[in-house]
Amino acid sequence: MNHHDVSSILQRVRDENPLVHNITNVVVTNFTANGLLAVGASPVMAYAPEEVADMVRISRALVLNIGTLNKDVVSSMVLAGKTANELGIPVIFDPVGAGATPFRTEMAQKIIEEVNVSVIRGNAAEVANVLGEKWEIKGVDGGTHQGSNIELAVTAAQKLNTTVVITGKDDVLTDGTTTYLVSNGHPLLTKVTGTGCLLTSVIGAFAGVEKNLLLAGLSALSFYGIAAEKAFEKAGHLGPGSFQIEFLNQLSLVTSEDIEQLSSYKQV
Ligand code: ATP
Ligand code: TZP
Ligand code: MG
Ligand code: MG
């Protein structure tokens, strides 16, 4: 996988404008839609059991996010996920807050049992709790566990037979055999709610145009982190509100050339 392959996926997202079907949480819905538009994808949010299968059929990726889950929404997620599986459409899963309550953990595990998930993206505690390890988590924010995110991601990818992304200061991306560490990003991302959730949907957009999930993931993670670095340079001194707006601007302004020059990743 060379630098050019990684940087070229962004232009394909912009050229192909993939429809991304999101079943997500009420906190991040608007930010996710605006972020996907800025990247060059086309967002849609649809939850009703009467329509999710039809919406999946016209989409290039399905994103499932349990941030403000309830039983009915989880049923829609399973229905949408099974339809995506039948059609070969990638399913990206964000197990927001898994481990914070038994219900959340149970529902996250039900989704991965019933749906063949292509990528799981979460913080370390969420991924560990999906695996059945009881790592501390504070609501939707990762706890203070000091274990290795690389080991955890590889174990999760092997056990769940999927591609895993664990984000944090550095992001780990692995299919269980090949593993990358991406160090683009900025700590101010943690002061804006929904930056993890939007990243999951951006991975969906990239996976919608590129079947190789490691390549799609590497490209999405580098791109997203570079947009944050540029947003910090321009507006970070003003605080998280201005940073959030500038980050949306940068999601539309970062180019494939920027990725080629500024991406910071290595195989580990
Ligand atoms: P949490 O709720 O634990 O913050 P999250 O779901 O919001 O998790 P993050 O892990 O915060 O997701 O990841 C969102 C984005 O922020 C990713 O692009 C990640 O690389 C970036 N990020 C998180 N922490 C840092 C950091 N300390 N330095 C640089 N980038 C970071
Ligand atoms: N509560 C339920 S979902 C949610 C909150 C605060 C948003 C979490 O977003 P992210 O991307 O994990 O920070
Ligand atoms: Mg966060
Ligand atoms: Mg999150």
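This section describes the central sheet of a predicted model and the helices that pack around that sheet.

The sheet is open and is built from 9 strands, arranged in the order β2-β1-β3-β4-β5-β8-β9-β10-β11, with mixed pairing. Its edges are formed by β2 (42-45) and β11 (265-267), each of which pairs on one side only. From one strand to the next, the twist averages 20°.

Both senses of pairing can be illustrated by individual strands. Strand β3 (residues 61-65) and strand β4 (residues 91-94) pair in the parallel sense, and 4 bridges connect them. Within this pair, Asn 65 of β3 stands opposite Asp 94 in β4. The antiparallel sense is found between strand β8 (residues 163-167) and β9, which share 3 bridges, and again between β9 and strand β10 (residues 179-182), which share 4 bridges.

Strand β9 (residues 171-174) may be described in further detail. Asp 171 and Leu 173 point one way from the strand, whereas Val 172 and Thr 174 point the other way. All four of these side chains belong to buried residues, including the charged Asp 171. On the β8 side, Val 165 has Leu 173 of β9 as its bridge partner, and the two strands are joined by a hairpin through 3 residues. On the β10 side, Asp 171 is bridged to Val 182. The hairpin of β9 and β10 has 4 residues between the strands, and Gly 176 in this hairpin adopts a positive phi near 100°.

Helices pack on the sheet at several strands. Helix α2 (residues 29-39) lies across β1 (19-23) and β2, and runs at about 155° to β2. Helix α9 (residues 213-235) also packs on the sheet, where it touches β5 (119-123), β8, β9, β10 and β11. The direction of α9 makes about 165° with that of β9. Because angles over 145 degrees count as roughly antiparallel, α9 is roughly antiparallel to β9.

A contact between two helices was also identified. Helix α1 (residues 3-16) packs against helix α8 (residues 195-209) at an angle of about 85°, and their axes are 9 Å apart. This angle makes α1 roughly perpendicular to α8. On the α1 side the contact involves Ile 9, Leu 10, Arg 12, Val 13 and Glu 16, which meet Ala 205, Phe 206 and Val 209 in α8. Classified by residue type, the contact of α1 with α8 comprises 6 nonpolar and 2 charged residues, with no polar residues. The charged residues are Arg 12 and Glu 16, both in α1.

How values were computed. Residues are numbered from 1 along each chain as its sequence is written. Chains are lettered from A and ligands numbered from 1 in the order in which they are written. This is a predicted model: local features need pLDDT of at least 70, side-chain atom pairs count only at pLDDT 80 or more; totals for chains, interfaces and linings use all residues. Side-chain values use heavy atoms; hydrogens and water are left out. Buried means under 20% relative accessible area, exposed over 50%, partly exposed in between (1.4 Å probe, protein chains only). Two strands pair if DSSP finds at least two bridges between them. Axes are lines fitted to C-alpha atoms, for helices over the stretch in contact, and angles run from 0 to 180 degrees between N-to-C directions. Angles under 35 degrees count as roughly parallel, over 145 as roughly antiparallel, 65 to 115 as roughly perpendicular and the rest as oblique. Contact means heavy atoms within 4.5 Å.
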